[in-house]
Amino acid sequence: MRARSKAIAGIAVAASFASQLRGQAPLNWDQIKQKFEAGNPTLKAAKMGIDESRAAEITAYLRPNPDFSVTADGFQITKNAGVWRPLSGVVETPGISYLHERQNKRELRRDQAKETTTIAESSYLDQERGLVFTLRSAFVQTLQAKAILQNARANLDYWDKELGVNRTRLMAGDIAQVDLDRLELQRIQFESDFENALVSLRTAKIQLLMLLNDRTPLEQFDVTGPFDFRQEIRPLSEFRTIALEGRPDLKVAIQNVDLAKITHDLAVANGSTDPTYSIWWSNNPSFANPFANETIGGSISIPLRIFDRNQGEKERTQIDITRNQRLRDAAEAQVFNDVDSAYFTLVQNVNLLRPFKTRYLKLASDTRDRVSFSYENGGSSLLDYLDAEKSYRDTSLSYLNLIGSYLTAAAQMNMAVGREVL
């Protein structure tokens with residue numbers, strides 16, 4: 001009895017746990033995006049590039065290290081008048097030298113590194129923009145697959161009810177066996193639609209889980225969200241303005257121009273002369289003053305920039321400024337192209353969806369019901385009935401696919417402007 005009680009308790013706990021797993025709430029878009037930002041390895045790796053760039057700022061602003069040297073002079077190598085004292089005349093001279101950088105070279109290297117970090121941050125946002133579009137597309141595909149699966153299940157249930165009615169008619173002698181057989185064969189299409197929709201849903205979930213870096217079983221993972229469209233669309237000029245203000249890749253292009261200018265200033269500064277200051281001391285008598293046992297000395301070394309004045313880098317960096325300005329113009333043109341393409345795709349989808357929602361869906365449903373009623377009462381042929389059913393199935397599926405296209409176009413618009421606006 002005790003073992004039986006433990007077994008029953010274990011089964012109850014397992015059943016409760018399984019019920020909790022099955023009852024996990026579907027994730028909406030905001031929750032999906034949060035999980036993506038927290039767990040996507042590609043995004044994490046890209047973010048580390050910013051930290052690397054910040055570390056490079058420290059290196060860029062470091063001062064040159066001083067040099068310490070020790071000089072020994074006066075070692076006797078041969079006898080002189082029969083006397084050989086090799087170490088008695090050695091003079092040890094320790095010294096320190098330091099390179100002094102002029103024309104703000106260190107500050108310019110620092111500014112160059114900081115601008116590089118700014119570009120790395122904008123590049124990260126641009127990479128995130130592309131990945132979020134991929135995530136949003138996978139999310140829309142999952143919602144679309146769910147809607148198509150629900151539609152396929154509803155069509156299959158409807159047809160099963162119709163088969164039940166027509167089996168009753170066959171028993172009453174109202175239709176021939178061949179008509180019922182043709183109706184039975186038509187069920188294969190509905191079963192095929194259902195199985196294909198089921199595979200599409202699982203495939204969409206797998207893609208979404210891969211982007212989330214999540215190992216949740218498919219049966220326990222689900223998403224939710226509105227699968228519909230908005231009939232109102234803001235003017236194109238608003239989307240263009242938002243894109244010019246927020247597109248990360250356009251910011252990168254603008255920041256590259258600033259970086260090129262700083263790099264040119266650094267090239268000009270590197271063409272200047274940097275002196276090296278040296279100082280040394282000695283506790284040996286000076287040759288000029290035998291009584292000076294403690295002496296110090298100093299020197300300044302100035303390179304003569306006669307031939308190499310960094311002319312090539314100056315010219316190259318000046319050209320690079322113009323090149324980046326052209327690339328900035330190209331990036332701006334690409335922004336307008338992306339926004340305009342996404343906008344007119346949205347407009348096209350809305351123009352198609354409006355008559356579907358207000359007229360064609362109801363018309364297809366009413367036509368199917370009328371032809372079904374007419375066929376059951378002998379007023380229409382079996383071919384008319386099958387055509388009406390096919391027309392309804394095609395119309396409802398086209399509507400769901402159009403909504404999926406609209407939501408994908410909305411994601412494309414979000415990507416085009418650089419943030420979520422739809």
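The following exchange goes through helices, a sheet and some single residues of a predicted model.

Biologist: What pLDDT do local features need, and how are residues numbered?
Modeller: Residues are numbered from 1 along each chain as its sequence is written, and side-chain values use heavy atoms, with hydrogens and water left out. This is a predicted model in which totals for chains, interfaces and linings use all residues, side-chain atom pairs count only at pLDDT 80 or more, and local features need pLDDT of at least 70.

Biologist: What span does helix α4 reach from its first C-alpha to its last?
Modeller: Helices (H or I, at least four residues) and strands (E, at least two) are DSSP runs, numbered from the N terminus. Helix α4 covers residues 105-171, 67 residues in total. The expected span is 1.5 Å times one less than the number of residues. For α4 this gives 99 Å, and the model comes close to it with 98 Å.

Biologist: Which residue with a positive phi follows α4?
Modeller: Its phi is near 80 degrees, and the residue is Gly-173.

Biologist: Is α8 roughly parallel or roughly antiparallel to α9?
Modeller: Axes are lines fitted to C-alpha atoms, for helices over the stretch in contact, and angles run from 0 to 180 degrees between N-to-C directions. Helix α8 (residues 311-376) and helix α9 (residues 382-417) pack with axes 8 Å apart, at an angle of about 160 degrees. Angles under 35 degrees count as roughly parallel, over 145 as roughly antiparallel, 65 to 115 as roughly perpendicular and the rest as oblique. The angle therefore makes α8, relative to α9, roughly antiparallel.

Biologist: How many residues of the contact of α8 with α9 are nonpolar?
Modeller: Ala, Val, Leu, Ile, Met, Phe, Trp, Tyr, Cys and Pro count as nonpolar, Asp, Glu, Lys and Arg as charged, and the others, Gly among them, as polar. Five residues of the contact are charged and 10 are polar, while the nonpolar ones number 26.

Biologist: Which strands stand at the edges of the sheet?
Modeller: Two strands pair if DSSP finds at least two bridges between them. The open sheet has four strands in the order β1-β2-β3-β4, with antiparallel pairing. One side of each edge strand is left without a neighbour in the sheet, because each has a single partner strand; the two are β1 (67-73) and β4 (295-301).

Biologist: How many bridges join β2 to β3?
Modeller: On one flank, β1 and β2 run antiparallel and are joined by seven bridges; Thr-71 has Thr-93 in β2 as its bridge partner. On the other, β3 (residues 276-282) and β4 also pair over seven bridges. Between β2 and β3, also antiparallel, the number of bridges is five.

Biologist: Which residue in β3 is the bridge partner of Ile-96?
Modeller: The partner in question also stands opposite Gly-298 in β4. For Ile-96 the bridge partner is Ile-279.

Biologist: Is Gln-103 buried or partly exposed?
Modeller: Gln-103 lies in the loop between β2 (91-99) and α4, and its phi is positive, near 55 degrees. Most residues other than glycine have a negative phi. Buried means under 20% relative accessible area, exposed over 50%, partly exposed in between (1.4 Å probe, protein chains only). Because its relative accessibility is 43%, Gln-103 counts as partly exposed.

Biologist: Is Asn-310 buried or exposed?
Modeller: Asn-310 sits in the loop between β4 and α8, with a positive phi near 65 degrees. Its relative accessible area is 17%, so Asn-310 is buried.
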